[in-house]
Amino acid sequence: MMNYGMVWRSVVQIVAGLLLLGSAGSAALGATATSCATIAQDLVASAAGGVVTTGPITCPARIVINKAVLPGVTLDATGAAFPEGVTIANSSGLHIEGGTYGTLEKDTRERQAIQISGSSHVIISGAKLLGLPLTLGATGAWLTGDRGGIYARNSTWITVRDSECRRFRVCVTFYETTDSLAHNNKARESNSDGFNVVGSHRIVLSENDCRWYERANNVHPDCIQGWSLRTGPVMTQIWLVNNNAEGVMQANLFGNIGGGSVDGLFAFGNRAWVTFSHTISCGGCANSVVKYNILASHPGVLFGIGKIKGFEGTGNVISDNPMVDGTKEPPPRIWWYGTIPLEVGSRFDTKPWRPGEAVSR
């Protein structure tokens, strides 16, 4: 059967390439943002396939891109700093490449360094996100470090790739978002989690890497955590492929966390080299496949090598997940090169991500 989603993506990429070639003489294809205040209007003025370059600027106020329907336009923010972050709302066809978001000196005023809402076909790549360590007040309330890195809500066809977060409550979140991809991102020194998937459908997390070796107060840190919302349908088609969880954390924890479970969690080629006992857990999950993952104990392990837990629903296939003592030497990887039968991420994202195609590692 013909995969019409894949055909449409190919057609769009070809058309975008022809537009780029045919418009090579247009100044709008290679514009420079005249100031922080004009970034949004410079993007709207750009032609299909155009690139707006910021240069090494610092934008003290938060950049807001709202209701910008773009024909595949890139904001090249290489060398730029956005200490108060960026908001992308009700927009489409935007690629933000590079840039530093947040600082090591103070939290952003907004809860997310990069917030995407009500948008589609947006790419965030090569971003560096900086936050603060977690500190608590006398009542246990979070004083600093209670910020998110990249947060996509009520959106579709989102790509987050090749980016790095340090000291955030969560590095990347997909909340009530569909058909989206997080590939080759790094979560470091997290105040809680690396990646959250909440109330979402048809999500792929591939070749992401969580590493931290100290626990932030008494939080239960997870590399990847997800749950269905009680007010919405059960999440479906969540794919965890060739991710790495390493250090003082739980690796992959899904279902029954303030909400429902998952109907169709697919975990292949992941390494869970962690101190906690949750390596791959999914409370009540059904119609799921968990194969070819490494489950390993990290130095400082609390409860021994974590077994696969949950999956009390029907239709699950769980096998070929070696349990390894990783306290003396790093455990091996099992790279999975199977087929993911989904089209996810922005149609303007032409870089490979599928197992065996990507060269990010």
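**Exercise 1.** In this predicted model, determine why His 95 counts as buried or exposed.

*Solution.* Step 1: the relative accessibility of His 95 is 16%. Step 2: the cut-off for buried is under 20% relative accessible area. Step 3: His 95 therefore counts as buried, at 16% relative accessibility.

**Exercise 2.** Describe the surroundings of His 95: in which strand is it found, and with which residues is it in contact, leaving aside its neighbours within four places in sequence?

*Solution.* Step 1: locate the residue in the fold. His 95 belongs to strand β7, which covers residues 92–97. Step 2: list the contacts. With neighbours within four places in sequence left aside, His 95 touches Val 73, Thr 74 and Leu 75, and also Ile 123 and Ser 125. Step 3: look for a polar contact among the side chains. The side chain of Ser 125 makes one with the side chain of His 95, at 2.7 Å.

**Exercise 3.** Characterise the protein as a whole: state how many helices and strands it has, what share of its residues is buried, and what share of its exposed area carbon and sulfur atoms supply.

*Solution.* Step 1: the count of elements is two helices and 34 strands. Step 2: of the 361 residues in the protein, 56% are buried. Step 3: the exposed area is about 14800 Å², and carbon and sulfur atoms supply 56% of this area. Step 4: turn to the contacts between residues at least 6 apart in sequence; 64% of these join residues at least 24 apart.

**Exercise 4.** Find how many cavities of 30 Å³ or more the structure holds, and describe the lining of the largest cavity.

*Solution.* Step 1: there is one cavity of 30 Å³ or more. Step 2: the volume of the largest cavity is about 40 Å³. Step 3: its lining includes Tyr 101, Gly 102, Thr 103, Lys 106, Asp 107 and Phe 168. Step 4: sorted by kind, the lining residues of the largest cavity are four nonpolar, four polar and three charged.

**Exercise 5.** For the second largest pocket, state the volume and identify which elements give two or more residues to the lining.

*Solution.* Step 1: the second largest pocket encloses about 280 Å³ of space. Step 2: it is lined by 17 residues, of which Tyr 151, Arg 169, Val 170, Thr 173 and Asn 196 are the closest to its centre. Step 3: two or more lining residues come from each of β14 (148–153), β17 (170–175), β20 (193–198) and β23 (222–227). Step 4: the lining of this pocket divides into six nonpolar, six polar and five charged residues.

Key:
Residues numbered from 1 in each chain as written. Predicted model: local features only at pLDDT ≥ 70, side-chain atom pairs only at ≥ 80, totals over all residues. Heavy atoms only, no water. Helix = DSSP H or I, 4+ residues; strand = E, 2+ residues; numbered from the N terminus. Buried < 20%, exposed > 50% of the residue type's maximum accessible area, 1.4 Å probe, protein only. Polar contact = N/O pair within 3.5 Å; in protein donor to acceptor, adjacent residues only side chain to side chain. Contact = heavy atoms within 4.5 Å. Areas by Shrake-Rupley, 256 points an atom, 1.4 Å probe, with all protein chains shown as cover. 1 Å grid on protein atoms, 1.4 Å probe; cavity = no way out; pocket = protein on both sides within 12 Å on 5 of 7 lines; lining within 4 Å. Points joined across faces, edges and corners; volume = space filled by probe spheres on them. Nonpolar A, V, L, I, M, F, W, Y, C, P; charged D, E, K, R; others polar.
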